[in-house]
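Biologist: Can you walk me through this fold? Start with the sheet, please.
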Amino acid sequence: DIHESFYDLFNQHFRKISDPIKGTRYYTNIAIGAHSKPCRVHPSFQCVVVVKKSEVLHMPPPFLNRFEKFCLSHHSILDAALQQFPPYMSTILKVIRDKVQEFTTVSPLHE
């Protein structure tokens, strides 16, 4: 699994090397199979891991516990964007969104 290659990075296990000329530098080990290599990490490094909802249950809990978890969907992103519009425009856009949702939802045929 690719995520296992980055355990030191995700655990924020960095080695700090101070150099009077180049300044402070941070390194972590990145593993590929049985081989490991120290790699430089930017001091303000941040990481986003995207996992499909269907795959979350198959991920090792210790791996998932390293991160804050957010569930993003088209609706949550659109709702956040709609908050930036004036109320009258948000209402219009929400009606359009609901109509598109209704149109694209597959419903069983009535016999």
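Modeller: There is an open sheet of 3 strands in the order 1-2-3, with antiparallel pairing. This is a predicted model, where local features need pLDDT of at least 70 and side-chain atom pairs count only at pLDDT 80 or more, while totals for chains, interfaces and linings use all residues. Residues are numbered from 1 along each chain as its sequence is written, and side-chain values use heavy atoms, with hydrogens and water left out.

Biologist: Which are the edge strands?
Modeller: Strand 1 (15–19) and strand 3 (35–41), each of which pairs on one side only. Strands here are DSSP runs of E with at least two residues, helices are runs of H or I with at least four, and both are numbered from the N terminus. Two strands pair if DSSP finds at least two bridges between them.

Biologist: How many bridges join strand 2 to strand 3?
Modeller: 7, with strand 2 covering residues 23–32. Among the pairs, Tyr27 has Arg40 as its bridge partner, and Tyr26 stands opposite Val41. The hairpin of these two strands has 2 residues between them, and Gly33 takes a positive phi near 65 degrees there.

Biologist: And how many bridges for strand 1 and strand 2?
Modeller: 5, again in the antiparallel sense. Asp19 of that pairing stands opposite Gly23 in strand 2, and the hairpin joins the strands through 3 residues.

Biologist: Switching to helices. At what angle do helix 4 and helix 5 pack?
Modeller: About 160 degrees, with the axes 10 Å apart; helix 4 is residues 74–82 and helix 5 is residues 87–104. That makes the two roughly antiparallel, a label for angles over 145 degrees (under 35 is roughly parallel, 65 to 115 roughly perpendicular, the rest oblique). Axes are lines fitted to C-alpha atoms, for helices over the stretch in contact, and angles run from 0 to 180 degrees between N-to-C directions.

Biologist: Now pockets. How much space lies in the largest pocket?
Modeller: About 660 Å³. Of its 17 lining residues, the closest to the centre are Val49, Val51, Glu68, Lys69 and Phe70. A pocket is an open set of points on a 1 Å grid over the protein atoms alone where a 1.4 Å probe fits, with protein on both sides within 12 Å along at least five of seven lines; lining residues have an atom within 4 Å of a point. The volume is the space filled by probe spheres set on the points.

Biologist: Which helices supply at least two residues of that lining?
Modeller: Helix 2 (53–56) and helix 3 (61–64) each do.
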